[in-house]
Amino acid sequence: MKQENTATQSIAAEDPITDHRIKPAHLLVSPESRLDTALDKAHPLSDSDIPYRDMTNPETKRESLRYLIDKLDVKHSLRYQRTPEDTYCNVYSYDYCYFAGVYLPTVWWTPESIEKILNGEEVIPVFEETVDRIYSSAIHDWLSKWGPSFGWKQMTNLDEIQQKVNENGGVGIICAKRKIVGLSGHIVPIVPETAFKKAYRENGVVKYPLQSQAGKLNYNYFAKARKDWWNHERYSSHVFFYHD
């Protein structure tokens, strides 16, 4: 991977919106939305065996997230495999967050829908009518603008994020925006370390956190394999976010 000497810009949130009138936009669960198919990827998974994060205490949160990663099995599940046209980092990140009980969009309200909601009207998520797909470059902007309304906190220190993910069983996100409008960015969860899967540290400080991704290559876990991918020259900026 070719790298520029100058890192991409890590942006701070500008004018984040905290407005709890805006609710999560989820499509209905579809029976065709499963790990063993490539259908209905904008819908939540219908597999009742997939575990939700157990919020009892930090230990149960960590353990249930590890089990979730094993169950989603991004490396092998058909739902996340790349095609000649696309990769599915946003779908995997959505699924991971969905079962972690954290909202990250894979569809989002249209501007007209948001206006109606803010005017007190009830709006139901209907694909390509009241909601549209949202991809990783747009999620980068969504996190900065809308993330605080859904409990996301912007951070800048990857060592601190990894520590919070490890200790609290929380959810971290790295999201990078492409320079060329219309091309895919990338989004990746930061996940709890295990006895065998670790972040990459130098002098005891996390340089590359432990991550899990769908993309051109799918990894249940990785750290050093892609180094600081968010600083690649293809991206104009990146953001780090954390959610308990």
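**Helix 3, the enclosed spaces and three single residues**

Colleagues, I begin with helix 3, where strand 2, residues 107-109, is part of what covers the buried residues. Please bear in mind throughout that this is a predicted model.

Which residues of helix 3 are buried? In this helix, which runs over residues 111-118, they are S113, I114 and I117. Around the axis these residues span an arc of only 100°, and they therefore lie on the same side of helix 3. In general, an α-helix has 3.6 residues a turn, so residues three or four places apart point the same way. The face turned away from the buried side of helix 3 carries P111 and E115, both exposed. After helix 3 comes G120, with a positive phi, near 90°.

I turn now to empty space. As a general matter, such space is revealed by rolling a probe the size of a water molecule over the atoms. Searching the whole structure for cavities of 30 Å³ or more yields 1. The volume of the largest cavity is about 50 Å³. What lines this cavity? The lining consists of D86, T87, C89, N90, Y135, S136, S184 and G185. By class, these lining residues are 2 nonpolar, 5 polar and 1 charged.

The largest pocket holds about 450 Å³ of space. Its lining is made up of 20 residues, and those nearest the centre of the pocket are T87, R178, K216, R234 and Y235. The lining of this pocket divides into 6 nonpolar, 7 polar and 7 charged residues. T87 thus appears in the lining of the largest cavity and in that of the largest pocket.

Two members of the cavity lining deserve a further remark. One is C89, which is buried, because its relative accessibility of 4% falls under the 20% limit. How many disulfides does the model contain? The count is 0. For C89, the nearest cysteine sulfur belongs to C175 and is 7.6 Å away. A disulfide requires the two sulfur atoms to be within 2.5 Å, so C89 is in none. Likewise C175 takes part in no disulfide, with the sulfur of C89 as its nearest cysteine sulfur. C175 is buried too, at a relative accessible area of 0%.

The other member is N90. This residue belongs to helix 2, residues 89-100. N90 has a relative accessible area of 7%, which means that it is buried. Apart from neighbours within four places in sequence, N90 contacts T106, I134, Y135, I139 and I187. Y135 also belongs to the lining of the largest cavity.

I close with two loop residues. Where is S77 located? It sits in the loop that joins helix 1, residues 58-72, to helix 2. Is S77 buried or exposed? With 9% relative accessibility, S77 counts as buried. Setting aside residues up to four places away in sequence, S77 touches L35 and L72.

D40 lies in the loop between strand 1, residues 9-10, and helix 1. Its relative accessibility is 33%, so D40 counts as partly exposed. Beyond its neighbours within four places in sequence, D40 makes contact with S30, E32, S33 and R79. As for S30, it is 10 residues from D40 in sequence, and the C-alpha to C-alpha distance between them is 7.0 Å.

How values were computed: Residues are numbered from 1 along each chain as its sequence is written. This is a predicted model: local features need pLDDT of at least 70, side-chain atom pairs count only at pLDDT 80 or more; totals for chains, interfaces and linings use all residues. Side-chain values use heavy atoms; hydrogens and water are left out. Buried means under 20% relative accessible area, exposed over 50%, partly exposed in between (1.4 Å probe, protein chains only). Helices (H or I, at least four residues) and strands (E, at least two) are DSSP runs, numbered from the N terminus. The arc is that of the directions from the helix axis to the C-beta atoms. Contact means heavy atoms within 4.5 Å. On a 1 Å grid over the protein atoms alone, a cavity is a set of points where a 1.4 Å probe fits but cannot get out, and a pocket is an open set with protein on both sides within 12 Å along at least five of seven lines; lining residues have an atom within 4 Å of a point. Grid points are joined across faces, edges and corners, and a volume is the space filled by probe spheres set on the points. Ala, Val, Leu, Ile, Met, Phe, Trp, Tyr, Cys and Pro count as nonpolar, Asp, Glu, Lys and Arg as charged, and the others, Gly among them, as polar.
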